[in-house]
Amino acid sequence: MMKFKDYQKEFFLFLELERGHSQETINTYKREIIRYHLFIKKTKINYLKIDKNLIFNFQESLAKSIGPRTFSRILSILRTFYKFLHNEGVVDDVVLNEVKSYPFPKFKKSIPTFLSKEQIDQVLKKIKNDSKLSGITKIRNQSIIMLFFTSGLRLEELRSVQLKDIDFSQKTI
């Protein structure tokens, strides 16, 4: 039987090679799985026999340092990890169902805030007046800001835009 760290490594490879997750996503998974591993080591829990009470204890151990939204992300990661372990034949249906049926914590959803046109203009003006930037860098930075605020792209989507993705004749990305 492999150790937790071995399954952990296999899981991260699975996320990268089979699920195609970005390195940033994998790093988030790593951080939370390591946090979980520290908990099970400290409390001497057999991670192959986890139940709702043990997940609750894990949640309680984190309650002072994280909020419900963060624990929801951790729980989602744990569910993915335990599905992986189940598919590998490491944990049985009972353990998987214990993890899958643990309820997500409730939290208040906030309404996103937006910058006003004046605030966007201020950002563009700061770029224009920045004496450390060359003319072409100013134009590039202003273009990025304008694209971000007018397109509805998420930050990660904006970061991944390449020149080949832009159709100048159709004015589309």
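This is the transcript of a short group-meeting talk on a predicted model, with its pockets, some ring pairs and a handful of single residues.

Hi everyone, and thanks for coming. Please keep in mind that the model is predicted. I'll start with the pockets, since I suspect that's what you came for.

The largest pocket has a volume of about 270 Å³. It is lined by 13 residues, and those closest to the pocket centre are Arg140, Ser143, Ile144, Leu147 and Ile166. Which elements give two or more residues to this lining? Those are α7, residues 135–151, and α8, residues 155–160. Helix α7 supplies the largest share, with six residues. If you sort the lining by class, you get nine nonpolar residues, two polar ones and two charged ones.

Now for the second largest pocket, which holds about 190 Å³ of space. Its lining consists of Thr113, Phe114, Leu115, Phe148, Phe149, Gly152 and Leu153. How many of these lining residues are nonpolar, polar and charged? The split is five nonpolar, two polar and no charged.

Let me stay with one of those residues for a moment. Leu115, part of the lining of the second largest pocket, sits in the loop between α5 and α6. Is Leu115 buried, exposed or partly exposed? Its relative accessibility is 40%, so Leu115 counts as partly exposed. Setting aside residues up to four places away in sequence, Leu115 touches Ile120 and Phe149. Phe149 is also one of the residues lining that second pocket. For a sense of distance, take Leu115 and Asn87: they are 28 residues apart in sequence, and their C-alpha atoms are 46 Å apart in space.

The loop between α5, residues 93–100, and α6, residues 117–129, also holds Lys108. Lys108 has 78% relative accessibility and therefore counts as exposed. From the C-alpha of Lys108 to that of Tyr36 the separation is 25 Å, with their positions 72 residues apart along the chain.

Next, the aromatic rings. The count comes to 15 aromatic pairs. One that I'd like to show you is Phe14 with Phe84: the ring centres are 5.2 Å apart and the planes meet at 40°, so this pair is tilted. Why does this pair tie together parts that are 70 residues apart in sequence? Because Phe14 lies in helix α1, residues 4–17, while Phe84 lies in helix α4, residues 68–87. What about their accessibility? Phe14 counts as buried at 18% relative accessibility, just under the 20% cut-off for that label. Phe84 is buried too, at 5%.

Another ring worth a look is Phe12. Lys30 lies over the face of Phe12, at 5.6 Å from the ring centre. Phe12 also comes up as a contact of Ile26, a residue of helix α2. Beyond its neighbours within four places in sequence, Ile26 is in contact with Phe12, Leu15, Glu16 and His21. How far apart are Ile26 and Phe12 in space and in sequence? From C-alpha to C-alpha it is 6.7 Å, and along the sequence it is 14 residues. Ile26 has a relative accessibility of 2%, so Ile26 counts as buried.

Leu15 turns up again when we move to helix α4 and look at Thr80, which is found there. Leaving out residues up to four places away in sequence, Thr80 touches Phe11, Leu15, Arg19 and Tyr29. Is Thr80 buried or exposed? With a relative accessible area of 11%, Thr80 is buried.

My last stop is the backbone. Most residues other than glycine have a negative phi. With that in mind, have a look at two lysines. Lys44 has a positive phi, near 55°, and lies in the loop between α2, residues 23–43, and α3, residues 52–62. Lys44 counts as exposed, at 74% relative accessibility. The other is Lys171, where phi is also positive and near 55°. Lys171 lies in the segment after α8, and with a relative accessible area of 77% it is exposed.

So, to recap the pockets: about 270 Å³ for the largest, and about 190 Å³ for the second largest. That's my tour, and I'm happy to go back to any of these residues on the screen. Thanks for listening!

Methods. Residues are numbered from 1 along each chain as its sequence is written. This is a predicted model: local features need pLDDT of at least 70, side-chain atom pairs count only at pLDDT 80 or more; totals for chains, interfaces and linings use all residues. Side-chain values use heavy atoms; hydrogens and water are left out. On a 1 Å grid over the protein atoms alone, a cavity is a set of points where a 1.4 Å probe fits but cannot get out, and a pocket is an open set with protein on both sides within 12 Å along at least five of seven lines; lining residues have an atom within 4 Å of a point. Grid points are joined across faces, edges and corners, and a volume is the space filled by probe spheres set on the points. Helices (H or I, at least four residues) and strands (E, at least two) are DSSP runs, numbered from the N terminus. Ala, Val, Leu, Ile, Met, Phe, Trp, Tyr, Cys and Pro count as nonpolar, Asp, Glu, Lys and Arg as charged, and the others, Gly among them, as polar. Rings of Phe, Tyr and Trp (its six-membered ring) pair if their centres lie within 6.5 Å; planes under 30 degrees apart count as stacked, over 60 as edge-to-face and the rest as tilted. Buried means under 20% relative accessible area, exposed over 50%, partly exposed in between (1.4 Å probe, protein chains only). A charge sits over a ring if NZ of Lys or CZ of Arg is within 6 Å of the ring centre and within 35 degrees of the ring normal. Contact means heavy atoms within 4.5 Å.
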